[in-house]
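Welcome, and thanks for taking a look at this one with us. Please have the viewer open so that you can follow along.

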Amino acid sequence: MRIPGLKKGAKISYIFLALVLTVVIAFCSENPQTQPLSENARKLSGQTIISKPETNESEDLQREHNMFVDSLLRAIPVAVFYKDKEGRYLGCNDVFAQIQGVTNEQIRGKTVYDLWPGDLAEKYHQADLELMNSPQHQIYEFEVKDKCGNFRPVIFGKQPFYDQHGQIAGLVGAFVDISAQKNLEKRQYWYVVTLSAVMIIQLLLIIALVKVLLARKKILGSLLQSEKKYKRLAQNLSAVVFQFKMAADGSCSFPFINDTLFIVTGIKAEDAMRDVNMLLDKIEPDERKAFQDSVVESARTLKPFHCIFRYTNRGNLNWVEARSTPERMSDGSTIWDGFFFDISEQKITEAALREKTSELETFFSSALDLLCIADTQGNFIKVNKEWERVLGYSVEELQNRKFLEFVHPDDMPATTNALAKLAQQETVTNFTNRFKCRDGNYHFLEWRSSPGGSIIYAAARDITERKIALDVLKESENRAVLQRGAIAAIMVDEVVSSGNADSAFRRITEVLADTLDASRSSVWALAADGRFVCQTLFSLENRQFSSGETFESAVFPTYFKAINSDSHVCADDALTNRNTLDLVDLYLKPNDIRSLLDAGIFIDGRLRGIISCEQTGHPRKWNSDEEAFICAFAAFAGQIMVAAERRQAEKSLRESEARLSKILAIVPDMVSVHDRQMNIVYSNWNGFGAVAENMRKTGSKCFKAYRGCDDVCEGCLAKSVFESGKPCISESQLADGRWIELRVLPIIDGDGDCDLFVEWVRDITSRKQTEQVIAAKNKELEQLLYVASHDLRSPLVNVDGYSREISFALDELQNALSEESVAGNDVHLETILSDINESLAHIRKSARQMDALLKGLLKLSRLGRAALNIGVIDMNRLVNEIVAANDFEAGKTGVDLQIESLPPCIGDCVQVTQVFSNLIGNAIKYLDSGRKGMIRVSGRVRDGKSIYCVEDNGIGIAPQHKDKIFELFHRLEPAKTEGEGLGLTIVRQVLEMLNGEISLDSTPGVGSCFRVTLPSAIEGSKS
């Protein structure tokens, strides 16, 4: 087993083995240990032959040489062994014996099969045979089993030695334990693997860093674009929008301020951004320090900046209110994003009001605390306006009411104790309880109260905000971050800027709902017909979009007035807000909406749409920043609408002529445009089949082309339309019986002039027919109402009358039973009981009559809702089954039933069965008792219709009853026949549903013939 390639450590062991074998074979000229085995094995030096010494001196040299060889083998730190050519061990050194756990004497004369297990011995033996067969220097890597039974990796080295005849006498072998080298190789391998993994991780980190840098570069570019769009938006706002920066060294500047600054202060925006002091110097000197201190305090605490101050503009002293939110930058500077606006008019109004109020009212109005005068019985006598702001109730609602009504139930005992102390003229200070607000929430109030006899003078301070100030501040900051991010995202959104309005509105409503956490957000646009149409509505709960809902502004006047005047509507509780009251029943309640925040979309000063956020289920408080946020989104939506309308107008301009021609070409009505001289400017020529092709030319006179007249048609409406500028509509019936509707419509240009008009002629024959059908249905309805008011009422009158009879009879019965002697009243009692039984019989009869009428009405109402299953009907089979069903009645009367061959028809089998069952049943019911009855059913086909006749020789029907028999509950002989009087009414309604008819020929005393007409099932049938 040759090793084709060895590692570095193995190569060193190989070299060492080769040196050991060379030394052993070179110096072991004769080993005493081999003499007993063979004379031929005395020499261990290749093919060198050393003769047996013949002198004592030679023997001494030989012994010295053997001792040297023995010492050499012992000194070599490698396991060495040697064998004869039969594979028997001749000996070994101490290292071999120590590793294998055997002595030199124990191993001598034995083979590998005597010392090692069978499979391992076989491997050793095969290696020895390979060397014997191919004598050469052998080196290979293998495993040996040590004395402890463990396998050690070793490198074997073997070489044969020869006798004096040059024949192989045996072999010498050695092996080196390379366990330590193997362990070192494993450690080196894992070291290389670990080092490679570290290098790969470092490479991945470098790639990720490069990607982050590239993404950061792209984001910076997007942010620059977003900033440009935001600045363009800010320039159009009515307030002064600014960005104020205070560097870490205290220097200040305006990185941005919109052009509205010039309108408010008289300073150009570019001048203020160049020199911040130009604006700051406008502030009143005595207020400038307070303003600067507020800026520094806001920068220190990062709380929102709010300041009201005076400034000079063109010689006038005006008031300004400023609001902004600070943000600390990484370089230590602070940036405020905010706005300010002129509130001079508000200040003037406040001053005028203060001048016109009394000293007490001034105190009450200007106090920041809740002031009140009450009595010891717990009644408010007077409160200031701060109560209205805090609790939501007006001053009028609070005065002369018990303040205990507003105290939280848990605080009632403590409040009662405090009131008792005040009644004892003790002052109460630092007392806290909760008062209920109009919206159902409770505010914490801290009281200081002093008694004055039966009067209490008290001041309370709302400390609720103190408790929630930190949460509110954090919430406000979070909202500001979200809103700025949403605006930036919308500005750079590719979907919004793609030009597709529907996709842009979907993205805007989704971002709006997510940012404000609103249940629903939507965009509505004003349509051409004056209605507002929902372009898209996003539901936050299921994240689905919908559209198409509409409403008219005329239906909600208060709401639209608020939108137009204030540009937005903010309703925390929309069910009670005065601006949204007209939305409650038609929109808010059906959609479970409790709060809404809407902003108008104005284009050129005109309301063109609405963007809306809605909260379902429960009210919510909308914040001022959310109002500004939705107004900003409304501006975005307006820009999208303008862009969409521009694109649509351009497209419509290109396609209008072709589209108009296509549309009017397929309109079945006649549409014709004429000028003042009655020339045809355009016509679709529909409805003018009689106009010759050579006359169908634009520019020709309308009366010539359409009517063949030489002058304007009589009764032409064009002159009236031109003079009034209003449309005219007329209806007329043509000679062939058709009805037409003529509409003459003016075309008004941009200057308000009318130079063209449209004639629109429509065939309304079917509509007129429908109106006739509706009139007939109305007549049926009137008949039904008559039945409900007359026929149904009649049994009730009987029930009421006979019930009173029973009541009277029972009174008489009671009187008779109360008399001392009953024996003499037997006859009278029998009369009373007879009257009671008779009245009960009449009541039961009336109840049955009413039950029959109601069942008939129910049956008739179900008839109109029945689903029809139209198909071909075998009338022979159908009529024979009906006759079989009436066989018992026919047998009782002895009537002769004759059924001829009947053609098939088309209809609903169940309904047609009802028709003929009623007709045949009536024929049997109304036979003449003076002669033998005969009923004959026949049929024929004519003009695509199957006509069936049901004839009888019964009592007949008088002419004045021929129409009434088809009415509800009409019977010829109510006293002689049973039934509800619905049979023929059902027959007529069924045939109307099946596009059929029924007619009657009858002569009293002779008989009747009912003719039923249904669509024929025989294709192309004629008489």
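Here is a short tour of one helix, two buried side chains and the cavities.

Please keep in mind that this is a predicted model. The tour starts at helix H16 (residues 412-423), moves on to Thr265 in helix H8 and the largest cavity, and ends at Gln483 in helix H17.

**Helix H16**

- How far apart are the end C-alpha atoms of H16? They are 16 Å apart, which agrees with the 16 Å that 12 residues should span at 1.5 Å a residue.
- Thr415, Ala418, Leu419 and Leu422 are the buried residues to look for in H16. Seen down the axis of H16, the buried residues fall within an arc of 100°, so they line one face of the helix.
- That pattern fits a simple rule: an α-helix has 3.6 residues a turn, so residues three or four places apart point the same way.
- The cover over the buried residues of H16 includes strand S11 (370-375), strand S13 (428-436), strand S14 (442-452) and strand S15 (455-462).
- After H16 comes Gln425, with a positive phi near 65°.

**Thr265 in helix H8**

- Thr265 sits in helix H8, which runs over residues 260-265.
- Is Thr265 buried or exposed? With a relative accessible area of 2%, Thr265 is buried, because buried means under 20%.
- The Thr265 side chain reaches two backbone atoms: the oxygen of Leu261 at 2.8 Å and the nitrogen of Ile267 at 3.3 Å.
- Leaving aside residues up to four places away in sequence, Thr265 touches Leu279, Lys282, Tyr311, Asn313 and Phe340.

**Cavities**

- Searching the whole structure turns up 3 cavities of 30 Å³ or more, and the largest has a volume of about 230 Å³.
- Which residues lie nearest the centre of the largest cavity? Of the 18 lining residues, these are Phe242, Phe254, Phe291, Phe309 and Phe340.
- Phe340 also appears among the residues that Thr265 touches.
- At least two lining residues of the largest cavity come from each of strand S6 (240-246), helix H10 (277-280), helix H11 (285-301), strand S8 (305-313), strand S9 (316-328) and strand S10 (334-342).

**Gln483 in helix H17**

- Gln483 belongs to helix H17, residues 464-492.
- Gln483 counts as buried, because its relative accessibility is 8% and the cut-off is under 20%.
- Not counting residues up to four places away in sequence, Gln483 touches Thr515, Leu516, Asp625, Glu626 and Phe629.

How values were computed:
Residues are numbered from 1 along each chain as its sequence is written. This is a predicted model: local features need pLDDT of at least 70, side-chain atom pairs count only at pLDDT 80 or more; totals for chains, interfaces and linings use all residues. Side-chain values use heavy atoms; hydrogens and water are left out. Helices (H or I, at least four residues) and strands (E, at least two) are DSSP runs, numbered from the N terminus. The expected span of a helix is 1.5 Å times one less than its number of residues. Buried means under 20% relative accessible area, exposed over 50%, partly exposed in between (1.4 Å probe, protein chains only). The arc is that of the directions from the helix axis to the C-beta atoms. Contact means heavy atoms within 4.5 Å. A polar contact is a pair of N or O atoms within 3.5 Å; within protein, one must be able to donate a hydrogen and the other to accept it, and residues adjacent in sequence count only if both atoms are side-chain atoms. On a 1 Å grid over the protein atoms alone, a cavity is a set of points where a 1.4 Å probe fits but cannot get out, and a pocket is an open set with protein on both sides within 12 Å along at least five of seven lines; lining residues have an atom within 4 Å of a point. Grid points are joined across faces, edges and corners, and a volume is the space filled by probe spheres set on the points.
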